[in-house]
Every structure is written in structure tokens, then in C-alpha cells.
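Q: Could you walk me through the side-chain contacts in this one? I'd like to start with the aromatics and then wander a bit.

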Amino acid sequence: MSETRWKTGLETLDADVVAVLTGPVIHVRFEVDLEPCAPLLADGLTWTPVILKAGALAAMAAPDLHRMHGTWRVLEPAACDVGVSVAGEGLLAPVVVLPAVDRMPLGEIAGLLAERAAVARAEEARSHALVNAVIPWFPFPWLRRALVRWLFSSPARRRRMVGSLQVTNIGLSDADIAYVPMTAELLLVVGAIRTVDGRRRVTLGIQASHLKLNAVTVRPFLRRFREVIAQPELLR
């Protein structure tokens, strides 16, 4: 039998965050041949740290794109902190932030990501319980969303929450690519890795507000990303 119930606090907060962060963004889709980096996997690595570091190096090569805008100030990050969405129970997956990925060896990236993802998953149930207890005390949607807007209005707070580059791997769902109409910062969407004519390839999307992403600012990002994938010694 069909049933109608009240939303949980977590479902309510998810909806508020989606409402605040959804808006016009520019989405640029590009494809990369990963085969030159295949030897790196012989060290027991997965493709994830390879793509994270390539994205961080590309972001550092595109300062106009990597710049973080606030209401009155902008933040020019001296390093690329990468936020990685990890599989979780809610609509909005937990994000773990890895500092200065552009300066970190691949093995260290893989180890730190595994460690922090495990902690995030372990703490997720406790975080959900806290949200479910607190949200009912804020019954007005306009008030909750004003607080969410305030939270995301500061580049420094956004950097702590999602990094200066956020990466989400929708390839885990076997999708080639996705357009995500909500972006807290600069977002790199990673699709499923496919073998085409004997070579592993991946489709990615980079997206952000038009305030920072356009045909000029994205060019050095794409150029550097492809360059480091083609020359894997730059990733070690």
C-alpha cells in the first residue's frame, strides 16, 4: 500500500543544498586516452589517484579557472586541494578533501584517500543522526537555505568542504558522463573507463559558474590535463 510520510531531516537538508547550489553552469566535455598511464597501474594503483593528480596539475595551470570567488573577495589557491565524493547513503555523498594533491606522490594520494574515505563512511551514520535531530528546529525553508547560502558564500569555507577542485566519479554507475546542474566549486566529472580499439579511454566533464569558466579559461586546463596523461612521468 502507498504511504505518505514526513521527510527526515537529512532528506530536507539534501533538498535545501540542491536548491541552493543548482544554477546555470558551463559544462565542457572532453575525452582522454589513458593508455600512456597504464604502466602506473603496475604499482598496484587504480586510475583514481592518476585522475586526481592530473586534475590538480591541470587546475594549477589554469589560475583563472581555479580562482575561488566570494561575495567581496576572491581566493587564489597556492595549491590544489581536491575534494573527492565517496560512496555514501545519502543523496549528497560525503566529500573528503585531500590537501595539495598537485604536490603529492600517487601512492600517497591513494593511501590518504583510502584512509579518509573509511573515516567518512564510519562517521556518516552519526552525522545523519545529528542532522535528523537538528533540522526539525529550523522549520522554515527560507531560513535553512539562507544558512546554506551563507555557508557556501566564503571561498575559505568552500575549500575546506569540497576543495578548490571537486571530483565525482559517475563511472562507478557505468555511465559515460553526466551533466550535474549543481556545483559548489570547480567540478570534474569522471565517466566510466572504456576500451576502444584496444586503448583505454575516459570521457570527463569540467564545469563551474560562467563567472570563472569560459572558452579562454578552460583551455589551459584541458591542455595540461592531456599533457600529463600523455607523459606519466609528470604524475609520479
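A: What follows goes through ring pairs, salt bridges, nonpolar cores and cysteines, and the model is a predicted one.

Q: Ok, how many aromatic pairs are there?

A: The structure contains three aromatic pairs. One of them joins phenylalanine 30 and phenylalanine 225 in an edge-to-face arrangement, with 5.6 Å from centre to centre and 80° between the planes.

Q: And where do phenylalanine 30 and phenylalanine 225 lie?

A: Phenylalanine 30 is part of strand β1 (residues 26-33), while phenylalanine 225 belongs to helix α7 (residues 219-230), so this pair ties together parts of the chain that are 195 residues apart in sequence. Phenylalanine 30 is buried, its relative accessible area being 3%, and phenylalanine 225 is buried as well, at 1%.

Q: What about the rings of phenylalanine 221 and phenylalanine 225, how are they arranged?

A: Their centres are 6.2 Å apart and their planes make an angle of 25°, so the pair phenylalanine 221 and phenylalanine 225 is stacked; the cut-off for stacking is planes under 30 degrees apart. The two residues are four apart in helix α7, a separation of about one helical turn. Phenylalanine 221 has 0% relative accessibility and therefore counts as buried. Taken together, ring pairs join Phe30, Phe221 and Phe225 into a cluster.

Q: Which ring has the charged end of an arginine sitting over it?

A: That is the ring of tryptophan 150, where the charged end of arginine 157 sits 4.0 Å from the ring centre.

Q: Switching to salt bridges: what's the count?

A: The count comes to 17 salt bridges. In one of them, arginine 199 pairs with aspartate 33, and the closest N and O atoms are 2.6 Å apart. This pair links distant parts of the chain, since arginine 199 is in strand β8 (residues 199-208) and aspartate 33 is in strand β1, with the two positions 166 residues apart in sequence. Arginine 199 is partly exposed, at a relative accessible area of 36%.

Q: Which residue does glutamate 35 meet in a salt bridge?

A: Glutamate 35 meets arginine 200, with an N to O distance of 2.9 Å. Arginine 200 lies in strand β8 and glutamate 35 in a loop after β1, so here too the pair ties together parts that are far along the chain from one another, 165 residues apart in sequence.

Q: Are those two buried or partly exposed?

A: Glutamate 35 is buried, with a relative accessible area of 19%, and the cut-off for buried is under 20%. Arginine 200 is partly exposed, at 28%.

Q: What's the distance for arginine 103 and aspartate 102?

A: The side chains of arginine 103 and aspartate 102 meet in a salt bridge at 3.9 Å, N to O, where the cut-off is 4 Å. Arginine 103 is exposed, with a relative accessible area of 58%, whereas aspartate 102 is buried, at 14%. Elsewhere, salt bridges with shared partners join Glu31, Asp33, Arg199 and Arg201 into one network.

Q: Now the nonpolar side. How many residues does the largest nonpolar core have?

A: The largest nonpolar core has 50 residues, and those with the most contacts inside it are Leu188, Ile206, Phe221, Phe225 and Leu235. Helix α2 gives the most to this core, contributing nine residues. There is also a second, separate core of eight residues, which includes Val20, Val148, Phe152 and Ala184.

Q: What does isoleucine 206 contact?

A: Setting aside neighbours within four places in sequence, isoleucine 206 is in contact with residues including Ile26, Val28, Phe30, Leu165, Leu188, Val218 and Phe221.

Q: And threonine 168, where does it lie and what does it touch?

A: Threonine 168 lies in strand β6 (residues 165-169), and it counts as buried at 18% relative accessibility. Not counting residues up to four places away in sequence, threonine 168 touches Ser85, Leu187, Leu188, Val189 and Val190.

Q: Last topic: how many disulfides?

A: The structure holds zero disulfides. For cysteine 37, the nearest cysteine sulfur is that of cysteine 80, 17 Å away.

Q: Why is the sulfur of cysteine 80 not in a bond with cysteine 37?

A: The 17 Å between the sulfur of cysteine 80 and that of cysteine 37, its closest cysteine sulfur, is too far for a bond. Cysteine 37 counts as buried at 0% relative accessibility, and cysteine 80 is buried with a relative accessible area of 0%.

How values were computed: Residues are numbered from 1 along each chain as its sequence is written. This is a predicted model: local features need pLDDT of at least 70, side-chain atom pairs count only at pLDDT 80 or more; totals for chains, interfaces and linings use all residues. Side-chain values use heavy atoms; hydrogens and water are left out. Buried means under 20% relative accessible area, exposed over 50%, partly exposed in between (1.4 Å probe, protein chains only). Contact means heavy atoms within 4.5 Å. Rings of Phe, Tyr and Trp (its six-membered ring) pair if their centres lie within 6.5 Å; planes under 30 degrees apart count as stacked, over 60 as edge-to-face and the rest as tilted. A charge sits over a ring if NZ of Lys or CZ of Arg is within 6 Å of the ring centre and within 35 degrees of the ring normal. A nonpolar core is a set of buried Ala, Val, Leu, Ile, Met, Phe, Trp, Tyr and Cys residues joined through side-chain atoms within 4.5 Å. A disulfide is a pair of cysteine sulfur atoms within 2.5 Å.
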